[in-house]
Amino acid sequence: MNENWDDIKNQAVKWVEEAGKMLKESLYKQLDIHTKSNPNDLVTEMDYKVERLLKERIEKSYPDHKIMGEEEAGRHIESTNGVMWLIDPIDGTTNFIHQKFNFAISLAVVENGIGKIGIVYNVMQDEWFTAVSGQGAYLNERKLRQTQPVTLQEAVLGLNGRWLAREKRADEQSLHHMVRRSRSVRSYGAAAIELAYVACGRLDCYISFRLSPWDYAAGLVLLKETGHLISTFQNEGVPLLKPSSIAASRPGLHDELLHYLYDHKGFDY
Ligand code: IPD
Ligand code: CA
Ligand code: CA
């Protein structure tokens, strides 16, 4: 079936706007906070509420589409055939709880594994990063420019600050070398926002270990539309059905990043 991606994107923006209002209102109430895989992996009732709201809206309009969400939806999905939505109801839950700032709703639509729509809504800044495949990416009404090459020495790197401490999954020495050669480092605590910041030029790259498809699916569409390079640390395509490392960067930077992240020393992914 031929989908009208523009119409779907416009519809999805309305649903995300509705969910964003719900999140803003919830900030004045007591949040119900729980932990998931470890004491720093937090979830609130709002994560579930936003995912359920989006899932209900999608199911009603597009009963044939698959839905994968961080909290509940789509655990059984085993293939990317057909149309699939990927929902991160709150990306940056720790920020949502601790800072009430720098969190986003991330929503992507992919067809047969190819990104068609990417929406990252930075709720408190009211910034909309949107893209429909083949039509460029936007920050609110402004079309984002195609990116240009940059060197590591001139680059501001986006990464998770925790990885600079001793970590079983990362060789911090190699990361130290990379950071020392760069212009500076930023860390916002919300992968979808950080990928959107690369797309719009606020960051020159974003690198992370062990992200999930809902963290980056929308960002991938924004980044592709702005000419950025995206891969795993092993320089492979980023998967949509399992966790992965990700290096998203301006051209000119990617090979050098991968050298520090992979060639150099053994990161497990
Ligand atoms: C997390 C954030 C964080 C990243 C984690 C993600 P969540 O998402 O994007 O920046 O470092 O790996 O899991 O749990 O807030 O949706
Ligand atoms: Ca996330
Ligand atoms: Ca989340």
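Student: Which classes of residue make up the shell around ligand 1, and how many of each are there?

Tutor: In this predicted model, the shell has four nonpolar, four polar and four charged residues. Asp, Glu, Lys and Arg count as charged, Ala, Val, Leu, Ile, Met, Phe, Trp, Tyr, Cys and Pro as nonpolar, and the others, Gly among them, as polar. Residues are numbered from 1 along each chain as written, and chains are lettered from A and ligands numbered from 1 in written order. Local features need pLDDT of at least 70, side-chain atom pairs need 80 or more, totals for chains, interfaces and linings use all residues, and side-chain values use heavy atoms, without hydrogens and water.

Student: Which residues are around ligand 1?

Tutor: Near means a heavy atom within 4 Å. The residues around ligand 1 are E70, D88, I90, D91, G92, T93, N160, G189, A190, A191, L211 and D215.

Student: Which strand gives the largest share of the shell?

Tutor: A strand is a DSSP run (E, at least two residues), numbered from the N terminus. Strand β4, residues 83-91, gives three residues, the largest share.

Student: Where does ligand 1 lie relative to the domains?

Tutor: Domain bounds come from an automatic or database assignment. Ligand 1 lies between domain 1 (5-143) and domain 2 (152-261), because both give residues to its shell.

Student: What polar atom of D91 lies 2.7 Å from ligand 1?

Tutor: A side-chain atom of D91, and the distance is to an oxygen atom of the ligand. For T93, a backbone N or O atom lies 2.8 Å from a ligand oxygen.

Key
A polar contact is a pair of N or O atoms within 3.5 Å; within protein, one must be able to donate a hydrogen and the other to accept it, and residues adjacent in sequence count only if both atoms are side-chain atoms. Helices (H or I, at least four residues) and strands (E, at least two) are DSSP runs, numbered from the N terminus.
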